Amino acid sequence: MLRLFNAGFTRLCKNKLFWLLTLFSACLAIFMIYTQYGNMKNYGDTIEVEQLMLNYSTMIGIVMAIFTSLFLGVEYSDGGVRNKISIGHKRIHIYVSNLIIVTITSIFSYILFFIVVAIIGIPLFGTITIAISKLLMLLGCIFITIIAYSSIITFFAMLISNKTITAICCLLLAFGMTTTALVCFNKLEAPKTIQEAILLEGETKIKEVPNPKYPSEEKRKVYQTLLDVNPAGQMFQLVGKTVTNLNILPIYSLGIIVVFTGTGLVLFKKKELK
Amino acid sequence: MEIILETNNLEKKYKDYKALNHTNIHIEKGTIYGLIGKNGAGKTTLIRIICGLQDPTNGEFSLYGVSNNSSAITNIRKRMGAIIETPSIYKEMTARDNLIEQYKLVGMPSLEGIEELLKLVGLEGTGKKKAKNFSLGMKQRLGIAIALASNPDFLILDEPINGLDPQGIIEIRELILKLNKERRITILISSHYLDELSKIATHYGFLDHGSIIKEISSVELRKKMEHKLIVKVENAKEFVKYFEEHNISYEVMDNTTIHVYGKYNLAKFVNELSKNNLLVEDIKEQEESLENYYINLIGDGNHA
């Protein structure tokens, strides 16, 4: 498998898409710092640098979907997979090496963003306001969620032989996960009561009434579980620091990794290649 | 003679369609084996199975004596190189970068030899030109260079001259002959271009409807395609002694038919035979091309 890594990273270093991803991560960090610095200067906003450091995680799923589907899609369109098999590499090694390469690339992209924010952001906005241990825990959870994202996207990229279909599927999937997470997040954020204006004896009075859109306890549990299982939902909770139980998210992520990688390996081993 | 590849009643079904039907081929070391068959005969399916891209439905094959049912088959594939339909090349990379990638994939200890490979396939001057800008012939030659990166002793080329211009076809042909003669590489080459195959193959396998209907060496085939007389007689055995004594090349097809190879004056030939009390019932001349031979072999195509 070392040969596959060696060749895979060599291809990565010569890949235009990888350098675009690197440039994007650095530019995104600079753009976020620039806009937040403007808000601080013009409106006196207080900017927490650690919040900026975590922000990339909400969009990394979509970035990964684009990168992974195109990078691995080439393996099929240019005949890389069939070449590797015909010269004696095991299918299981091909799948796992591709998963690891795209995961490391995605984590590298995040770390680069993080470092740029740290180097430029800390002198501008001040030091990190939360405990380092808490920040490291959040980062650890983000990295595990990135691996979960990778395992889902790699699953589709390795099982669909057509590069264009892979790219469309992965993008739709990433947007679908983000939209589902936002819907669940909004449902859970709905207030329990709302204020209602009523006319009583000629006077307008404000009364607190139950919010009809507030989900029942059972529905809340369903929305919360959907949010916890969905990598995009995990990212929203981690960025918003609204996680009720930080320990549960890595367990859900590990579940996703095991299910998607396990199923992907079985199906890829049986896949009839052309 | 060492057998490099042998298939034993190989079968491949796609739902109700049988792409391979009890296919048996035998490729000896050092040969150029031409796998001939029309489109859809099962050539690419057979190659995909040998290369591990698909599993056979039934039957088995062995590479260097290792059965496909053995776990060692993956490892033994390191001794072969292949181009299946289109060459496996990263189009955004240069020829050299593609070879570096392949060297790393096959675990070559150093990058030495890349320049030599590029020279061998005539791509030494391509510099920074990306493979996507190569002509079809250049892509095929790069594909062959990639397949040669691991110094294989068995090379599989699936339709390597498809879509090439005449110059490209000549270049690939010369390269294949060079690899076989200078590097002693055994080559399996599939094609439906009979003329081209006849210029390089040392052995042939005729594939039709998923079955090998004939395996023959080029020497035997040439003999069969020679100018010949088809002689109908009452009892073929009576003629054998005469042919042996007079050094006449012949083949007894059945008890009443003999093929006599070479050019003869028909009247003189019959006269000589009758002088020796050998009576000919019927005699006719025939000259066969590979194309005719192939057409006669597959008949009306109802071999399923």
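Modeller: Two strands pair if DSSP finds at least two bridges between them. The model discussed here is predicted.

Biologist: Which residue stands opposite B:Lys232 in β15(B)?

Modeller: Start with the strands. Strand β12 of chain B covers residues 228-233. It pairs with β15(B) in the antiparallel sense over 6 bridges. In β15(B), the residue opposite B:Lys232 is B:Asp282.

Biologist: Which are the edge strands of the sheet in chain B?

Modeller: The sheet is open and has 4 strands, with antiparallel pairing. Their order is β13-β14-β12-β15. An edge strand pairs on one side only, and here that holds for β13 (250-254) and β15 (280-286) of chain B.

Biologist: By how much are neighbouring strands of this sheet turned against each other on average?

Modeller: Strands of a sheet pair through backbone hydrogen bonds, either parallel or antiparallel. In this sheet the pairing is antiparallel. With direction ignored, the average turn between neighbours is 20°.

Biologist: Which helix gives the most to the largest nonpolar core?

Modeller: In soluble globular proteins, nonpolar side chains tend to be buried together. The largest nonpolar core here has 132 residues. Those with the most contacts inside this core include B:Leu99, B:Leu142 and B:Ile187. The top contribution, 14 residues, comes from residues 132-159 of chain A, helix α7.

Biologist: How many residues are in the other core, apart from that one?

Modeller: Among its members are B:Leu229, B:Val231, B:Val233 and B:Tyr250. Strand β12 of chain B runs over 228-233, and β13 of chain B over 250-254. The core's residue count is 6.

Biologist: With which residues is B:Leu142 in contact, leaving aside neighbours within four places in sequence?

Modeller: B:Leu142 is among the residues with the most contacts inside the largest core. Two residues are in contact if their C-beta atoms lie within 7 Å. The partners are B:Pro87, B:Ile89, B:Ala95, B:Asn98, B:Val121, B:Leu123, B:Ala131 and B:Phe134.

Biologist: What percentage of chain B is buried?

Modeller: Chain B has 11 helices and 15 strands. Its C-alpha trace spans about 75 × 45 × 35 Å along its principal axes. Of its 304 residues, the buried share is 39%.

Biologist: Which element gives the largest share of the side of chain B that touches chain A?

Modeller: The contact takes 26 residues from chain B and 21 residues from chain A. On the chain B side, residues divide into 11 nonpolar, 8 polar and 7 charged. Elements giving two or more residues are α2 (73-76) and α3 (95-106) of chain B. The largest share, 6 residues, comes from α3(B).

Methods: Residues numbered from 1 in each chain as written. Chains lettered and ligands numbered in written order. Predicted model: local features only at pLDDT ≥ 70, side-chain atom pairs only at ≥ 80, totals over all residues. Core = buried A, V, L, I, M, F, W, Y, C linked by C-beta atoms within 7 Å. Buried ≥ 20, exposed ≤ 12 C-beta atoms within 10 Å, placed from the backbone. Axes fitted to C-alpha atoms, helices over the stretch in contact; angles between N-to-C directions. Nonpolar A, V, L, I, M, F, W, Y, C, P; charged D, E, K, R; others polar.
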